[in-house]
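Let's take a walk through a protein and see where some of its charged side chains sit. Have a look at the picture first, then read on.

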Amino acid sequence: MKKGFIWSVLSILFLLLLVACGDSEDTENSEAASATASDTETEESTEPIEIDFWHAMSGPHEEAIMEYVEQFNSEHENITVTPVNQGSYDDLEQKIMAAAKAQTLPTIAQAVTNVVPEYTANNFITSLNDFIEDPEIGLSDEEFNDYVDVFKESSSWDGTYYSLPFSKSTRILFYNKELLEENGLEVPETWEDIRTISEVLTGDGVVGMGFENSYESEFQAILKQLGGTYIDEATSEATFASDEGIEAMTLIKEMIDDGIARTAGEDDYMSNPFSRGDVAMYIGSSAGIPHVAEAADGNIEWSTTTMPTLDGEAATTFAGNDIVMFSQSDDAEQKAAWEFMKYLTSPEVTADWSMKSGYLPVRYSAQELDNYQAFVAENPAYEAGTAQFDAGFFIARIEGGDAVRNIVLEELEYILLDDKTVEEGLTDAQERANQELN
């Protein structure tokens, strides 16, 4: 009896211990559940979040931006995006640098790709990899691969994405359809065609070929077609004063010296003399299509085609600007900004932006949308830009890139004015560029 009594007491104590442990686990589970709920509430906070978006768009482009912002804000109760026009791209860059020093940067801004290395070197923009790869708010593989390759590559530095492409453009050839048809000429496909057609059409107040005053993109394209390198991004070394560089610049200069080509000169932009019928062809930005359409209306019939090839090689620079996110913002602001960045680069918005602005759609699927296809069918001049995605490249993205560009433009002007030979001008430009870069 005594032994049975003792076992009974021990059994009761054991049961009481189990109950106590159960209560403890329940409490811990309850606390964990509470913490999880709290975290979720934080992630899904509906607290109002306001972010500024600095940009350099004006006129109809700014009006389109305002429409997108209004639409986004109406679809996100707790997020308010405020677009702020900061003037020109130069103004925008200067204000960003000043705001970085004053710790007053906005959450996101437009940024020309060439300045992104300056921003990363100063540690005031943030990597987008965590946002892109986030399982809840990021991009699926299908969405990520939908961004046009050349734009996606230009937003990445050693596998780190610091921007999303937004207003992207490329160089295309504008041509006067009437002049070509009247003279029985086919649309040019090569640089040899360009020269031949220019020789035929030059005369009676018309110059066959036109180049913008800043024609370094054409120089770079021909240089690449010849197998040369403009600037080695890995070493930040300018190498364009090569045999290929001399041949590329000679090709352009000889056409101008022979009187069958010209630069925009006092017209500032070649779209003006082209739209008047003073120039039969010219190479310019795809973003210039709306300007040509307006200026040429009632004057000439025109269209566009892809950049001329050389010895079977196609190459054209892709440029424009991206959207970057600044690291001074807090987590909630950055998450809100990420939502807006995804929205701005969604297939529907980038297609609409392309149709309104002349910039290229940054998503492959945007080109498949019914409204975009109908638009291109009605406006075939827009086909040239997207038709040469596979031939696209971007210039070296390095600190000091803008300064090098100004040096090159200055030396190219000396060459055209015969103040220096092609070799002298390119050699001086290369030496000055490397002094700037090192």
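Is Lys152 buried or exposed? Keep in mind that this is a predicted model. Lys152 counts as buried, because its relative accessibility is 12% and the cut-off for buried is under 20%.

**Salt bridges**

Lys152 has a partner: its side chain meets that of Asp149 in a salt bridge, with 3.8 Å from N to O. Both residues belong to helix α7, which covers residues 149-154. They are three residues apart, and that is about one turn of the helix. Asp149 is partly exposed, at a relative accessible area of 37%.

This pair is part of a bigger set, as the structure holds 20 salt bridges. Here are three of them, with the N to O distance for each.

| Acidic residue | Basic residue | N to O distance |
|---|---|---|
| Asp149 | Lys152 | 3.8 Å |
| Asp418 | Lys253 | 2.8 Å |
| Asp267 | Arg276 | 3.3 Å |

Now for the pair in the middle row. Lys253 and Asp418 join their side chains in a salt bridge. Lys253 sits in helix α11, while Asp418 is in the loop between α18 (401-416) and α19, so this pair ties together parts that are 165 residues apart in sequence. What about cover? Lys253 has 9% relative accessibility and therefore counts as buried. Asp418, at 52%, counts as exposed.

The last row gives another picture. Asp267 counts as partly exposed, with 21% relative accessibility. Its partner Arg276 is partly exposed too, with a relative accessible area of 45%.

Salt bridges can also link up into a network. Which residues are linked in a network of salt bridges? They are Glu410, Glu411, Lys420, Asp428 and Arg432.

**A negative patch on the surface**

Next up is a group of like charges. Asp243, Glu247, Asp311, Glu313, Glu423 and Glu424 form a negative surface patch. Two elements each give two or more residues to the negative patch: α11 (243-257) and α19 (422-437). You've met α11 already, as the helix that holds Lys253.

Where is Asp311 found? Look in the loop between β12 (302-305) and β13 (316-325). Asp311 counts as exposed because its relative accessibility is 72%, and exposed means over 50%.

**A mostly covered helix**

Now turn to helix α10, which runs over residues 216-225. How many of its 10 residues are buried? The number is nine, so the helix is mostly covered. Charged residues can be found on that list: Glu216 and Glu218 are among the buried ones. So are Phe219, Ala221, Ile222 and Leu223, to name some others. After α10 comes Gly227, which has a positive phi, near 95°.

**Far in sequence, together in space**

One last stop: Glu339, whose place is in helix α14 (residues 331-344). Glu339 counts as partly exposed, at 22% relative accessibility. Glu339 and Gly138 are 201 residues apart in sequence, yet in space the gap is 9.2 Å, C-alpha to C-alpha. Which residues does Glu339 contact, leaving aside its neighbours within four places in sequence? Those are Phe72 and Ile137.

Note on methods: Residues numbered from 1 in each chain as written. Predicted model: local features only at pLDDT ≥ 70, side-chain atom pairs only at ≥ 80, totals over all residues. Heavy atoms only, no water. Patch = residues over 30% accessible without salt bridge, like charges linked within 9 Å, V, L, I, M, F, W, Y side chains within 5 Å. Areas by Shrake-Rupley, 256 points an atom, 1.4 Å probe, with all protein chains shown as cover. Salt bridge = Lys/Arg side-chain N within 4 Å of Asp/Glu carboxyl O. Lys, Arg positive; Asp, Glu negative; His and termini not counted. Charge placed at Lys NZ, Arg CZ, Asp CG, Glu CD. Helix = DSSP H or I, 4+ residues; strand = E, 2+ residues; numbered from the N terminus. Buried < 20%, exposed > 50% of the residue type's maximum accessible area, 1.4 Å probe, protein only. Contact = heavy atoms within 4.5 Å.
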